[in-house]
Amino acid sequence: MTATLYINGHFHPEIGVPNGTEAIYAENGIIRALGSLDELQLQLSGRSYTTVDWEGGYVLPGLVDSHMHLSMHGMKLSMLDFTDVRSKHEMLELIRQRAATTPPGEWIVGLNWNENAFTPAVPPLRNELDEITTEHPIYLTRTCFHAFLANSEAFRRAGVRSDTPDPPSGSFGRDSSGELNGWVYEEANQAFVAVQPEPDYATKKDAIRRACEDALRLGLTGAHTEDLRFLGSIDTMLRIHRELREEGLRFRSHQLIYYTHLDEAESLGMSAGDGDEWLRIGAAKIFSDGAIGGRTALLRQPYADDPSTSGMAIHDQQRLNELTARARSLGFPIAVHAIGDGAADMTLQAMEAYPLTGISHLPDRFIHAQVLDRELVERMLRLPLIADIQPRFVASDFPWVLDRVGEQRTEYLYAWKKLIQAGVICAGGSDAPIEPLDPLLGIHAAVTRRDPQQLEPAEGYLPQERLSIAQGVKLFTEGSAAAVSEQAQRGTIAVGKAADFTVLDRNIYEHSQQLLEAKVRMTIVNGEVGYRAD
């Protein structure tokens, strides 16, 4: 048995820890007592236990990211990363530098470019990438992960020509003469992914390790993640996490199962909720639309800044219903990426047509929920679902998103507060590597409704949707626990719950600025120190 006494920590009243708590005692990763230091030391007299000193840190329930991609976050740490790039010229220069050090014939890959953050707001195109190199295939992923850029060599290897028809759930960008301009949308990317070298097992495992270690450094005790499109199989995913635990990595994961792997799940006799305290199987992941940035999120009415399109449905209603029925037959809830109000309607129709009740104790997951209306929210309330929201999207997407969707759709635009007030359970995530993994940045965005690098507007965008700091923290604690029906095990600090703690160097409840300045001192998972600052 492992027994630990945690001492010398501060607890803000919003955490819900009883007044007078000075220390916490845990056995085998479960909290067994809270109280004064003298009281607990007296109760433990004669017992063997270790002591962990929080050194005056401010203790939160263990923070959990409810929606991210461990594998791609790990890969991002070794790829060309355009997150901080602010012009097309700067982006091209980074590619030019990488081409100079990459052996001819090898792929140059990068991610997180966002032309809306450029001055001027113009991305490079195929001919500009060709000017850098014709010896390397170049393939770049936009920040939304729903649009891509490629040079001619990448198109050649993918077998895509100007006369190649668009796939059913994607498209190739073309100029006015019909020539490929370099853009690739949604599932049209599959032709490019198919011809890129398959990462070997060691590369996949290293990506997961790097991501988990980075998450622990940022104060995360766990994450809900979907990695099978990168890892390739459930067996590989289980093996990697098992080996990392055996090697001493302490990090919890809740694994969504991409719908194309449901047959494998069936062959393994696996359903949602299976697993242990370190890894559990979650819902079946499905996409219903794309993203607002590339105008592939499905809207009920055309985009305000491009009336020629309303976005793109990844599956038609019949197919979405079939995928939902298949998931239900195997005991899985569904986790559906739905950004636009058109996709929201389709998602709710599928959930309504194939009720979850009696299928699983886990709820369905409505992922992103960025463009809604009152009627959609009322339908959400009638279903056993939670909303996976990413507050940091507010910092990245405003103000340009207002031009995309138009004034008529702003009442329920990234309307986290309306969802919470209506009674929809919301869980907080980052969608890393699309957004920064740091949960404190996500909380800051929920509270301020603006980019921390911008002082205006001081009240934030659509300020009526600002959350309190306490509400922001709950997204990543109680909300994440509710998303996987683990409210009785995690999310708060109480007797009988997991000894998962995020320890900061300051009180973040005083002012939103503290969220930007706070440093993680310690991350404790299942009673064990997973990260300690130097």
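## Leu-149 and its surroundings

Leu-149 sits in strand 9, which covers residues 147-150. Keep in mind as you look around that this is a predicted model. With a relative accessible area of 0%, Leu-149 is buried, because anything under 20% falls in that class.

Which residues touch Leu-149 once its neighbours within four places in sequence are set aside? The contacts are Met-91, Trp-113, Pro-124, Leu-129, Ile-138, Tyr-139, Leu-140, Gly-182 and Trp-183. For a distance to check in your viewer, try Tyr-185: its C-alpha atom is 8.9 Å from that of Leu-149, and the two residues are 36 places apart along the chain.

## The eight-stranded sheet

Now for the sheet. Eight strands build an open sheet with parallel pairing, and their order is 5-12-13-14-15-16-17-18. At its edges are strand 5 (63-68) and strand 18 (426-428), each of which pairs on one side only. On average, neighbouring strands of this sheet are turned by 25° against each other, direction ignored.

One pairing is worth following in detail. Strand 12 (residues 220-225) runs parallel to strand 13 (residues 252-258), and four bridges join this pair. Within strand 13, Ser-253 is the residue that stands opposite Ala-223.

## The largest pocket

How much space lies in the largest pocket? The figure is about 1,500 Å³. The lining of this pocket has 50 residues, and those closest to the centre are Met-72, Asn-189, Val-193, Arg-229 and Phe-230.

Several helices and strands share in this lining. Those giving two or more residues are helix 2 (70-76), helix 6 (190-194) and helix 8 (228-231), together with strand 7 (108-113), strand 8 (138-142) and strand 14 (279-287). Which element gives the most to the lining of the largest pocket? That is strand 7, with four residues.

## Cysteines and disulfides

A disulfide is a covalent bond between the sulfur atoms of two cysteines. How many disulfides does a search of the whole structure find? The search comes back with zero.

Two cysteines can still be placed by their accessibility. Cys-144 has a relative accessibility of 10% and counts as buried. Cys-426 counts as buried too, at 6% relative accessibility. Both labels follow because the class takes in values under 20%. Cys-426 also carries a number that falls in the range of strand 18 (426-428), one of the edge strands of the open sheet.

Note on methods:
Residues are numbered from 1 along each chain as its sequence is written. This is a predicted model: local features need pLDDT of at least 70, side-chain atom pairs count only at pLDDT 80 or more; totals for chains, interfaces and linings use all residues. Side-chain values use heavy atoms; hydrogens and water are left out. A disulfide is a pair of cysteine sulfur atoms within 2.5 Å. Buried means under 20% relative accessible area, exposed over 50%, partly exposed in between (1.4 Å probe, protein chains only). Contact means heavy atoms within 4.5 Å. Two strands pair if DSSP finds at least two bridges between them. Axes are lines fitted to C-alpha atoms, for helices over the stretch in contact, and angles run from 0 to 180 degrees between N-to-C directions. On a 1 Å grid over the protein atoms alone, a cavity is a set of points where a 1.4 Å probe fits but cannot get out, and a pocket is an open set with protein on both sides within 12 Å along at least five of seven lines; lining residues have an atom within 4 Å of a point. Grid points are joined across faces, edges and corners, and a volume is the space filled by probe spheres set on the points.
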